[in-house]
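Subject: A structure for you to explore

Hi there,

Here is the structure I promised to pass on to you. Please open it beside this email and look for each place as you read.

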Amino acid sequence: MSDQPLWSGNRLYYGGTWQVAKGSGSIAVASPATQEVYGAVPIANAEDVEAAVAAAEAAGPAWAAMDALDRGRHLRAVADIVRARMGDLATMEAAITGRPIREMRAQMGRIPEWLDYFGGIAAGLEAESNRLRGGFLSYTAYEPHGVCALLTPWNHPILILVKKLAAALAAGNTVVIKPSELAPATPLLFAQWCTEAGLPAGVVNVVTGDGTTGALLCDAPAVRHIDLTGGTVTGKRVAAAAAARLVPCTLELGGKTPVVIFEDSNIEEAAAGAVFAAFVAAGQTCVSASRFIVAEAIYDEFLEAFVRRVKALKVGDPADVATDVGPVISAASQARCRAHIERAQAEGARLVAGGGTPVLPAPFSSGNYVQPTVFADVTASMTLFREEVFGPIAAVTPFRDEAEALNLANDTPYALGASIWTRDVARAHRMAGKVRAGMIWVNDHHKNDPRSIWGGFGDSGYGTENGWDALKSYQRKRNVVVSTATGFDDWFAGGKRYG
Ligand code: NDP
């Protein structure tokens, strides 16, 4: 990272340019791996939020009126810029989130897919028409909501932002983004890249700050749709703010993702899948596998293969391509993980891997590291089985039969992701039909694609990202009925119509 990165200073990005913030506070942007401070961003105040929303509102009519094919071309131009700058973007994402560079290169490599996909289907919302009895023509029409607030988290700063933004812009909305205070830099730069790609000023705007800034944005009268990825507590606050103004919202929240492994699985493959499911992003994704529910018949064998692989994970410098697991995002996250480890031990779970803080050389000795940790013999009443950890800690629980596996998997208020590992095709579909989750993988985990809808229910929120559903959720559908009769059928003059 250079000494004075472009994004650092007292500036926000809205109206197609950098703007001096009126708010007085600032937030340091630091490495979770070393605590090195890279720069700072301002905390946008009410005046800043108002100005950014006004910029989005002013850009709205022309963007909405633009032919959808042309909006699609704009999105693909942004994709081209991301492709050209992918290396730099991955380096920044790794430095700021602490996620290993190998992960971030792979993730940045996929960002253009969302822009290309939504750019491609932007023009595809085809309305329907019908002839109604009595000589009427009825047809539907789509229109964008207007200004959309995108509240995004720190774990995938650009991926989650682009998932939301691509659908919102394709549908003809303009956006104001409030990135997480823990990873606000790449979203600011991304907004500038959108301008460089030719997007009209005000279509993409970013205000940085903390939860207060997010709340101001939710309350801005011109914001007509809100889309949040974050925790369940924040989700409820945002839903309440949206309800107070009768504004629709999409909430992608927490999870306590079960992974059910049956006795007919290939054990080494299931163990490799388990490590990927639990420890990619140091366990900091909404669908991180945190509850492994494993058939008694293969329990010991699976545990041995799983633990062997977990112990081989290389923890360290996120910039090193050999690193498998980086730090967690903050000291508070590290403390939460440590508290979970202590509590799991106190409640009687059996520690079989990790459990401590990795011993790393300076400057990484100051980082927010947690050893990849596995607890076996976790019961459904233990805290580790019930609470979302959002860190590199996995719980393993045995089951006797399919009914018990299903009960354990569904014993949570969350319903986001789940994976099922079996070679029995009938069992796979039977389980997929009964596991409470918005996204289910069979013999895989984490698979995310712009064509596969993404979202949950229960404490995991509502609404969907990805696919046609996301595009449609960013528009309202209206109906027009036209009388094609030669005259008005007057009811009070003895007409035959009613309604
Ligand atoms: P939050 O839910 O607090 O943050 C998500 C986004 O919402 C951030 O941009 C945040 O800003 C913003 N925000 C916070 N409060 C408000 C508000 N009242 N109104 C509007 N916007 C608001 O996530 P955290 O980073 O604090 O993580 C807490 C927990 O959430 C994690 O431990 C994990 O359980 C879960 N989480 C889930 C994610 C997922 O992928 N589903 C991603 C991240 C977290 P700011 O960060 O600046 O406060």
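Below is what was found in it, beginning with the open and enclosed spaces and ending with two residues.

One thing to keep in mind throughout is that this is a predicted model.

**The largest pocket**

A good place to begin is the largest pocket, which holds about 1000 Å³ of space. It is lined by 39 residues, and those closest to its centre are Trp154, Thr229, Gly230, Gly231 and Thr234. To find your way around its walls, look for helix H7, strand S10 (223-229), helix H8 (232-244) and helix H11 (331-346), each of which gives at least two residues to the lining. H8 provides the largest share, with 6 residues. Sorted by class, the lining of this pocket has 19 nonpolar, 13 polar and 7 charged residues.

**The cavities**

Next come the enclosed spaces. How many cavities of 30 Å³ or more are there? The count is 3.

The largest cavity has a volume of about 80 Å³. Its lining is made of 14 residues, and Gly283, Ser288, Ser290, Val389 and Phe390 are the ones nearest its centre. In that lining, 7 residues are nonpolar, 6 are polar and 1 is charged.

The second largest cavity contains about 40 Å³ of space. Among the residues lining it are Lys256, Arg291, Tyr414 and Arg436. Two strands, S12 (257-261) and S17 (414-415), each supply at least two of the lining residues. Here the classes divide into 5 nonpolar, 3 polar and 3 charged.

**Two helices side by side**

Now turn to helix H4 (residues 101-121) and helix H5. Their axes are 8 Å apart, and the helices pack at an angle of about 10°. Angles under 35 degrees count as roughly parallel, so H4 and H5 are roughly parallel to each other. On the H4 side, the contact is made by Gln107, Met108, Ile111, Trp114, Leu115 and Phe118, while the H5 side includes Val162, Lys163 and Ala166. By class, the residues of this contact are 12 nonpolar, 1 polar and 1 charged.

**A closer look at Lys163**

Lys163 is worth finding on screen, as it has already come up in the contact between H4 and H5. It sits in H5, which covers residues 157-170. Is Lys163 buried or exposed? Its relative accessibility is 4%, and because buried means under 20%, Lys163 counts as buried. Setting aside residues up to four places away in sequence, Lys163 touches Trp114, Phe118, Asn448, Trp454, Glu465 and Asn466. Of these, Trp114 and Phe118 belong to the H4 side of the helix contact.

**And one at Leu217**

The last stop is Leu217, in helix H7 (residues 211-219). You have met H7 already, since it supplies at least two residues to the lining of the largest pocket. Leu217 is buried, because its relative accessible area is 0%. Which residues is Leu217 in contact with, leaving aside its neighbours within four places in sequence? They are Val49, Val53, Ala149, Leu151, Val176, Lys178 and Val223. You can also try a distance on screen: Leu217 and Arg245 are 28 residues apart along the chain, and their C-alpha atoms are separated by 12 Å.

Enjoy looking around, and do write back with any questions.

Best wishes

How values were computed: Residues numbered from 1 in each chain as written. Predicted model: local features only at pLDDT ≥ 70, side-chain atom pairs only at ≥ 80, totals over all residues. Heavy atoms only, no water. Helix = DSSP H or I, 4+ residues; strand = E, 2+ residues; numbered from the N terminus. Buried < 20%, exposed > 50% of the residue type's maximum accessible area, 1.4 Å probe, protein only. Contact = heavy atoms within 4.5 Å. 1 Å grid on protein atoms, 1.4 Å probe; cavity = no way out; pocket = protein on both sides within 12 Å on 5 of 7 lines; lining within 4 Å. Points joined across faces, edges and corners; volume = space filled by probe spheres on them. Nonpolar A, V, L, I, M, F, W, Y, C, P; charged D, E, K, R; others polar. Axes fitted to C-alpha atoms, helices over the stretch in contact; angles between N-to-C directions. Parallel < 35°, antiparallel > 145°, perpendicular 65-115°, else oblique.
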